[in-house]
Amino acid sequence: MIQKELAGDLELKWNRIQHAMQQLGADGCLLSVDVNLYYTTGRIFSGYFYLPAEGSPWFFVKRPNELSGEQVVYIRKPEQIKDIFTEKGLKIPGKLLLEGDELTYNEYIRIQHVFQPKETGNATALLRSIRSIKTPWEIAQFRISAKKHAETYAEIPSCFRPGMTDLEFQYEIEQRMRKNGSIGLFRAFGREHGYLYGKYSGRRKCRMPLSF
């Protein structure tokens with residue numbers, strides 16, 4: 001489940017979350033949104049990541065079915081989680097943090113019904129604050145990415161030709177980005193967030209969305 005090269009980084013993140021939970025008097029945190037799953041596990045999967053205020057995390061996976069590792073349990077629906085807690089002798093959280101800003105109302109109520117905690121709290125702001133302080137591994141990734149960007153942008157003056165349209169210029173830039181290692185993945189997180197695919201656009205074209 002956990003990649004060996006990420007084990008140290010993830011453990012540091014788990015410790016930070018647990019410390020924050022303890023300060024809030026929370027007993028556990030259940031995450032299911034992609035950005036938080038990636039942050040806490042190093043991968044995206046369909047399911048839930050549960051971190052108690054003390055102890056090791058649990059991974060409740062619906063898909064894919066080839067994941068394995070310590071405390072990885074396959075489920076079909078969240079209602080099975082409470083039964084697994086009982087079977088494994090895990091403490092049912094009295095105060096449970098959920099992703100209140102991302103879950104739909106029905107999803108939130110469903111999880112509440114599963115655990116029936118005395119109190120729930122919002123994990124969204126907590127995780128957002130923790131994610132804002134980067135780990136040494138994350139900072140190293142920034143440096144690698146910055147080096148690749150610098151190499152790519154150094155090539156841009158040579159690919160510009162008089163008379164090019166902004167779209168043609170984007171083609172040239174993206175071709176060089178792909179050549180230097182970009183996989184072409186751009187991600188924005190947030191209900192009102194978006195992204196521009198391409199590194200250059202005329203101002204007028206930036207004012208309206210483009211479909212491909």
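Helices here are DSSP runs of H or I at least four residues long, numbered from the N terminus. In this predicted model, L127 is found in one of them, helix α5. L127 is well tucked away by the numbers: its relative accessible area is 0%, so it counts as buried. Leaving aside residues up to four places away in sequence, L127 touches I17, C29, L31, N36 and Y39. One of these partners, C29, is itself buried, at 1% relative accessibility.

Of those contacts, the one with N36 leads over to another helix. N36 has its place in helix α2, and 91 residues of chain lie between its position and that of L127, yet the two C-alpha atoms are separated by 7.5 Å. With a relative accessible area of 2%, N36 is buried because the cut-off for that label is under 20%. Again setting aside residues up to four places away, the contacts of N36 are L31, E99, E102, L127 and R131. L31 thus turns up in the contact list of L127 and in that of N36.

Now for the two helices themselves. Helix α2 covers residues 34-41 and helix α5 residues 123-131; their axes come within 11 Å and cross at roughly 50°. That angle makes α2 oblique to α5, because it falls in none of the ranges for roughly parallel (under 35 degrees), roughly perpendicular (65 to 115) or roughly antiparallel (over 145). The crossing of α2 past α5 is left-handed. On the α2 side, the residues that meet α5 are V35, N36 and Y39, and their counterparts in α5 are L127, I130 and R131. Sorted by class, this contact is made up of 4 nonpolar, 1 polar and 1 charged residues.

What about the rest of α2? The helix is mostly covered, with 6 of its 8 residues buried. The buried set consists of V35, N36, L37, Y39, T40 and T41. Besides α5, these buried residues pack against α1 (7-24), β1 (28-31), β2 (46-52), β3 (58-63) and α6 (136-159). Right after α2 comes G42, whose phi is positive, near 80°.

A last word on cysteines. C159 counts as buried at 3% relative accessibility, as does C29 at 1%. How many disulfides does a search of the whole structure find? The search comes up with 0.

Notes:
Residues are numbered from 1 along each chain as its sequence is written. This is a predicted model: local features need pLDDT of at least 70, side-chain atom pairs count only at pLDDT 80 or more; totals for chains, interfaces and linings use all residues. Side-chain values use heavy atoms; hydrogens and water are left out. Axes are lines fitted to C-alpha atoms, for helices over the stretch in contact, and angles run from 0 to 180 degrees between N-to-C directions. A crossing is left-handed if the near helix is turned anticlockwise from the far one by less than a right angle, and right-handed if clockwise. Contact means heavy atoms within 4.5 Å. Ala, Val, Leu, Ile, Met, Phe, Trp, Tyr, Cys and Pro count as nonpolar, Asp, Glu, Lys and Arg as charged, and the others, Gly among them, as polar. A disulfide is a pair of cysteine sulfur atoms within 2.5 Å. Buried means under 20% relative accessible area, exposed over 50%, partly exposed in between (1.4 Å probe, protein chains only).
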